[in-house]
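Please open the structure in your viewer and keep a selection prompt at hand. The tour below moves from one selection to the next and says what is there at each stop.

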Amino acid sequence: MSTTSPAAVPVAIALTGSLLPCGVCGVAVPGPHLQRDVTELAIAAVDDPRLGVRELTPQRSLAVTRCAACLGRLERARAAVDAFGAFAARLGSRSLIVERLEAVLAVEGVTGSAVRLESPRDLSTALEQLNVAGAAALWSARFAPVQASDARLGVANASPFAHVGSELRQAARDGLAALLRSRLLRTGPVAVPLGPPADSERRGCLLCGVAASTVWEALTASTRSLGGQPSAAPIEGDVCSACSDALADVGSVGQTSLRRALLQHLGMTRTFALDAIEMTVVGWGALPDGTPPNAEPWAHVDVAALRRDLVDVQERGYVNAGAR
Ligand SMILES: [Zn+2]
Ligand SMILES: [Zn+2]
């Protein structure tokens, strides 16, 4: 049995009065519109099925805005970039990454499935798997810079993303399936905690020392960068999934990533606290060979001393970085 989708031509809404199309999902958004919410897209050329792409002189423009649902997704994209700022900064400028994540989140509207952006790894896998399909699914991509042959000015979608054809929908679903598969690998069978790979000599996470994690990432680091005494040979081992997220966010092994991983473990994400820690945080990997791994993350660290540092800061109210 073969099934064909019903007529692909979406029912369109005429853009009369104050209506503007949502540049993301294409639905009509009633005014009044604040100027800062309106973007003028420059249409440089049109794609004609017989004549090919023709350049337009002078250029035309199309004003677009965002509907409430797409505005909500934009806010989530911004929040994700702010939450993992150091990681996002390595990918590109803030505005570029927000723009890409907004396209990634458009896939939610196309597929009806949620896309999580809760860790640096979420961000990078979502960008990797969904960026292309998401960007292609944007309403604005049908007009700027080249107006597609079937894209008409003056009309909007009757329902969100009605302009997205079956091929692109499938690409979005495929991307999402790949994303979910990679998350499944990452969260893994929760009931069966695993140690580092069998060929790893170190049986704990090089940062927090924990013996069990569902995912391990290989890491080679100097004992010095792990907060220990300098040594001739680097330490080869693995890091657990929580510490690997902290490392991805900071970008390199050192006090910043050690502190971040430790604070995350303690449930503190405020960045000021990174500077508040007076003690040198030592990663488990810098401890002498043969040190047993930890049953709980960071069991080898004097957490009480750390809490004293943090209480001091709370009492002072702020961190005077120059005083350290
Ligand atoms: Zn929208
Ligand atoms: Zn760890």
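Which residues touch the most other members of the largest nonpolar core? Select Cys22, Val104, Val107 and Ala137, which hold that place among the 46 residues of the core. A nonpolar core here is a set of buried Ala, Val, Leu, Ile, Met, Phe, Trp, Tyr and Cys residues joined through C-beta atoms within 7 Å. A residue counts as buried if 20 or more other C-beta atoms lie within 10 Å of its own, as exposed if 12 or fewer do, and as partly exposed in between, with the C-beta atoms placed from the backbone.

Before going further, note the conventions. Residues are numbered from 1 along each chain as its sequence is written, and chains are lettered from A and ligands numbered from 1 in the order in which they are written. The model is predicted, and local features need pLDDT of at least 70, side-chain atom pairs count only at pLDDT 80 or more, and totals for chains, interfaces and linings use all residues.

**Confidence**

Colour the chain by pLDDT, the predictor's confidence in each residue, from 0 to 100. The chain averages 85, and 86% of the residues score at least 70. Over residues 1-7 the pLDDT is below 50, and this stretch has one contact in the model beyond near neighbours in sequence, a contact being two residues whose C-beta atoms, placed from the backbone, lie within 7 Å. Residues 188-193 also have a pLDDT below 50, with five contacts beyond near neighbours in sequence. Where pLDDT is low, the predicted coordinates should not be read in detail.

**The cores**

Return to the largest core and show its helices and strands, which are DSSP runs numbered from the N terminus (helices H or I, at least four residues; strands E, at least two). Strand 3 (28-29), strand 5, helix 1 (68-83), helix 2 (85-91), helix 3 (94-111), helix 4 (120-137) and helix 5 (166-187) each supply at least two residues of this core. Helix 3 gives the most, with nine residues. Next centre on alanine 137, which, not counting residues up to four places away in sequence, touches Ala106, Val107, Val110, Phe161, Val164, Leu168 and Ala172. Another core, of 28 residues, lies apart from the largest one, and among its members are Leu226, Leu247, Ala261 and Val281.

Phe161, one of the residues touched by alanine 137, is a useful next selection. Phenylalanine 161 sits in the loop between strand 7 (155-157) and helix 5, and its phi is near 60 degrees, a positive value in a residue other than glycine. Phenylalanine 161 is buried, with 25 other C-beta atoms within 10 Å.

**The sheet**

Now select the open sheet, in which three strands lie in the order 5-4-6 with mixed pairing; two strands pair if DSSP finds at least two bridges between them. At the edges are strand 5 (52-64) and strand 6 (146-147), each of which pairs on one side only. Strand 4 (residues 39-48) and strand 5 run antiparallel and are joined by nine bridges, and they form a hairpin with three residues between them. To follow the register, select threonine 39, which stands opposite valine 64, and then valine 46, which stands opposite arginine 54.

Two cis peptide bonds can be picked out from here. One, with omega about -5 degrees, joins threonine 57 and proline 58, and proline 58 is found in strand 5. Another, with omega about 0 degrees, joins glycine 31 and proline 32, and proline 32 lies in the loop between strand 3 and strand 4.

**Helix 6 and phenylalanine 84**

Is helix 6 (residues 241-250) largely enclosed or open? Seven of its ten residues are buried, so helix 6 is largely enclosed by the rest of the structure. The buried residues are Cys243, Ser244, Asp245, Ala246, Leu247, Asp249 and Val250, and what covers them includes helix 2, helix 4, strand 8 (216-221), strand 9 (235-240) and helix 7 (255-265). Just after helix 6, glycine 251 takes a positive phi of about 105 degrees.

From alanine 246, measure across to phenylalanine 84: the two are 162 residues apart in sequence and 9.3 Å apart in space, C-alpha to C-alpha. Phenylalanine 84 lies in the loop between helix 1 and helix 2 and touches Pro120, Leu123 and Asp249, not counting residues up to four places away in sequence.
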